[in-house]
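Good morning, and thank you for coming. I would ask you to look at the structure on the screen before I begin.

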Amino acid sequence: MRNTSDLSLFLGQMLRRPQSVSALMPSSERLARAMAAEVPEGTGPVVELGPGTGKITRALLEAGIAPSDLHLLEINDDFVSFLRLRHPDVHLHHRGAQDMDRIGLPTARAVVSGLPLLSLPRDLQRAILEAAFRLLPPGAPLIQFTYGPSNPVPGPLMRDLGLVAERGRRVWHNMPPAQIYRLRRPAA
Ligand SMILES: C[S@@+](CC[C@H](N)C(=O)[O-])C[C@H]1O[C@@H](n2cnc3c(N)ncnc32)[C@H](O)[C@@H]1O
């Protein structure tokens with residue numbers, strides 16, 4: 001029953017706001033668990049971008065990340081209301097991912113992105129990546145999945161920010177199949 005209401009909320013928002021939701025379905029549990037498994041062990045803030053109905057949020061919590069360490073940034077009013085009820089104990093910020101370095105965190109352990117990076121305008125992509133790497137120290141990852149064939153961050157932006165990309169797992173059990181990437185500034 002709970003899954004049905006998650007799914008109908010997601011599909012309704014996908015029809016109303018196709019550019020910002022930009023996915024046919026929420027992430028599968030396998031993709032959500034694979035994304036959560038990329039977060040380095042330890043303590044410290046973990047920032048999740050574009051949580052939607054919270055598939056990855058739940059996987060992050062199940063992976064042992066403390067609710068008090070978890071910061072979500074979501075722009076969609078209906079997803080925010082839903083997440084507030086579903087996860088009252090995490091930090092939920094009703095604002096754009098590009099503002100992640102303005103929510104009072106000095107640094108983050110990882111940024112986990114469920115954003116449709118390829119569908120976002122170039123200037124917004126850049127603003128989001130710049131904000132992420134103001135927050136992430138060298139070595140700490142931005143974890144992003146894509147449905148596309150290669151790294152979703154454009155080459156010029158990779159070079160400007162001094163980033164390296166590593167491929168993580170490919171998750172076939174998702175609609176459509178997804179590839180995980182880890183992006184980081186090399187540790188000194
Ligand atoms: C493809 S859906 C992913 C939802 C969820 N993470 C999942 O994997 O099922 C993209 C999500 O990003 C959100 N989003 C789009 N642009 C955003 C932005 N600039 N800042 C924060 N969230 C954004 C949408 O509202 C939506 O919840």
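Which pocket is taken by the ligand? The ligand occupies the space of the largest pocket. Please keep in mind that this is a predicted model.

Let us begin with the surroundings of the ligand. There are 21 residues around the ligand, and the closest are Val21, Ser27, Gly50, Glu74 and Ala97.

I turn next to individual polar contacts. In the side chain of Ser27, an N or O atom is 2.5 Å from an oxygen atom of the ligand. Gly50 takes part through its backbone: one of its N or O atoms there lies 2.8 Å from a nitrogen atom of the ligand. Gly52 also presents a backbone N or O atom, which lies 3.4 Å from an oxygen atom of the ligand. On its own, the ligand has 600 Å² of accessible area, and the protein covers 98% of that area.

Now I come to the sheet. As a general point, the strands of a sheet pair through backbone hydrogen bonds, and the pairing is either parallel or antiparallel. In this model, seven strands form an open sheet with mixed pairing. Their order is β3-β2-β1-β4-β5-β7-β6. Which strands stand at the edges? They are β3, residues 91-93, and β6, residues 164-171, and each of them pairs on one side only. From one strand to the next, the twist averages 20°.

Finally, consider one pair of strands in detail. Strand β2, residues 70-73, runs parallel to β3, and three bridges join the two. Within this pair, Leu72 stands opposite Leu92 of β3.

Thank you for your attention.

Key:
Residues are numbered from 1 along each chain as its sequence is written. This is a predicted model: local features need pLDDT of at least 70, side-chain atom pairs count only at pLDDT 80 or more; totals for chains, interfaces and linings use all residues. Side-chain values use heavy atoms; hydrogens and water are left out. Two strands pair if DSSP finds at least two bridges between them. Helices (H or I, at least four residues) and strands (E, at least two) are DSSP runs, numbered from the N terminus. Axes are lines fitted to C-alpha atoms, for helices over the stretch in contact, and angles run from 0 to 180 degrees between N-to-C directions. A residue is near a molecule or strand if one of its heavy atoms lies within 4 Å of it. A polar contact is a pair of N or O atoms within 3.5 Å; within protein, one must be able to donate a hydrogen and the other to accept it, and residues adjacent in sequence count only if both atoms are side-chain atoms. Accessible areas come from the Shrake-Rupley method with a 1.4 Å probe; for residues, only the protein chains shown count as cover. On a 1 Å grid over the protein atoms alone, a cavity is a set of points where a 1.4 Å probe fits but cannot get out, and a pocket is an open set with protein on both sides within 12 Å along at least five of seven lines; lining residues have an atom within 4 Å of a point. A molecule sits in a cavity or pocket if more than half of its atoms lie within 2 Å of its grid points.
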